[in-house]
Every structure is written in structure tokens, then in C-alpha cells.
Amino acid sequence: MTSVVQNFFFDCADAYELGRFWSGVVGKPMADDDVPGDPEAIIEMDNGVTLFFGQVPEPKTVKNRIHLCLTPDIPRDQEVERLLELGATLLHDRRNPDGTGWAVLGDPEGNEFCVLRSAAEKAATS
């Protein structure tokens with residue numbers, strides 16, 4: 001017997017706004033009934049997994065114990081710039097001069113996530 005990942009749950013102070021940010025990141029809409037002020041918001045991904053944002057009273061206090069790693073369909077550095085324009089923050093730059101590596105970003109509420117090289121970038125260096 002096995003288990004299937006149903007969703008990734010993000011604790012947050014503002015579910016709608018954090019959902020709106022991640023909607024821009026993944027290019028998928030939030031649920032039709034999500035509105036500002038809702039304590040929950042969701043984004044359904046094509047693979048059946050849901051990004052779920054739930055309002056909690058306590059603030060984030062430490063580094064995430066789990067985070068998402070994103071593989072963009074455009075060059076990594078272009079994606080990092082796009083995400084910074086959406087409101088992300090560059091936390092740790094682990095990109096190397098030879099094009100390898102990744103960037104660690106934070107979403108508007110400080111949740112860490114990584115941006116890896118695109119498949120095309122990986123193939124070009126193999």
C-alpha cells in the first residue's frame with residue numbers, strides 16, 4: 001500500500017494574497033470562489049496536486065522544513081527575475097559561474113523555495 005500526495009499546505013497570514021502570488025508563479029488560476037479575506041485559497045495543478053493556503057494566527061518563525069523546488073520552462077535566471085517582479089525575495093544565490101546551481105527565494109510571507117535550471121539548460125551541459 002502507498003499514499004498519494006493530495007496537497008501542499010501553506011500556513012499563512014493572508015491566504016488570498018499568498019495564493020495570488022503562487023498563482024502567478026505556477027501560471028494556474030485560484031479557485032473561482034476564492035476572494036480577498038477568505039481564510040483559505042486553493043490552486044489545482046494539472047497533476048492533481050493542490051496548493052492549499054490556510055490562514056493561521058501565528059507568524060512564520062523558522063526556516064521551512066520542506067520547500068518546493070521549481071523547474072522553469074524558461075532559463076533559470078529569467079525565471080528568477082520574473083519571480084522577483086511578482087514579489088519574491090532572493091534569499092540565497094547558489095548559482096555558479098558555469099551555469100549550474102540554483103536560487104533560493106522567499107515568497108511574500110517568507111516561505112523558502114528553489115528555482116533550478118530548466119530542462120534545456122540541463123541538457124545543454126550534459
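Is Cys 114 buried or exposed? With a relative accessibility of 7%, Cys 114 counts as buried, where buried means under 20% relative accessible area, exposed over 50%, and partly exposed in between (1.4 Å probe, protein chains only). The model is a predicted one, so to speak: local features need pLDDT of at least 70, side-chain atom pairs count only at pLDDT 80 or more, and totals for chains, interfaces and linings use all residues. Residues are numbered from 1 along each chain as its sequence is written, and side-chain values use heavy atoms, with hydrogens and water left out.

On to the cysteines. A disulfide is taken as a pair of cysteine sulfur atoms within 2.5 Å, and by this rule the count is 0. Cys 114 is in no disulfide, as its nearest cysteine sulfur, that of Cys 69, sits 4.4 Å away. Cys 12 is buried too, at a relative accessible area of 3%. Cys 69, by contrast, is partly exposed at 46% relative accessibility. Leaving aside residues up to four places away in sequence, Cys 69 touches Cys 114 and Leu 116, a contact being heavy atoms within 4.5 Å. The C-alpha atoms of Cys 69 and Met 45, 24 residues apart along the chain, are 15 Å apart.

Cys 69 belongs to strand 4; helices (H or I, at least four residues) and strands (E, at least two) are DSSP runs numbered from the N terminus. Strand 4 is part of an open sheet of 4 strands, ordered 4-7-6-5 with mixed pairing, two strands being paired if DSSP finds at least two bridges between them. Strand 4 (68-70) and strand 5 (89-95) stand at the edges with a single partner strand each, so one side of each has no neighbour in the sheet. On average, neighbouring strands here are turned by 20° against each other, direction ignored; axes are lines fitted to C-alpha atoms, for helices over the stretch in contact, and angles run from 0 to 180 degrees between N-to-C directions. Strand 4 pairs with strand 7 (residues 112-115) in the parallel sense over 3 bridges, and Leu 68 stands opposite Phe 113 in strand 7. Helix 2 (residues 76-86) packs on the sheet, touching strands 4, 5, 6 (101-106) and 7, and its direction makes about 5° with that of strand 6.

Strand 7 also holds Glu 112, which is buried at 15% relative accessible area. Its side chain makes a polar contact with that of Lys 60 (3.3 Å).

Key
A polar contact is a pair of N or O atoms within 3.5 Å; within protein, one must be able to donate a hydrogen and the other to accept it, and residues adjacent in sequence count only if both atoms are side-chain atoms.
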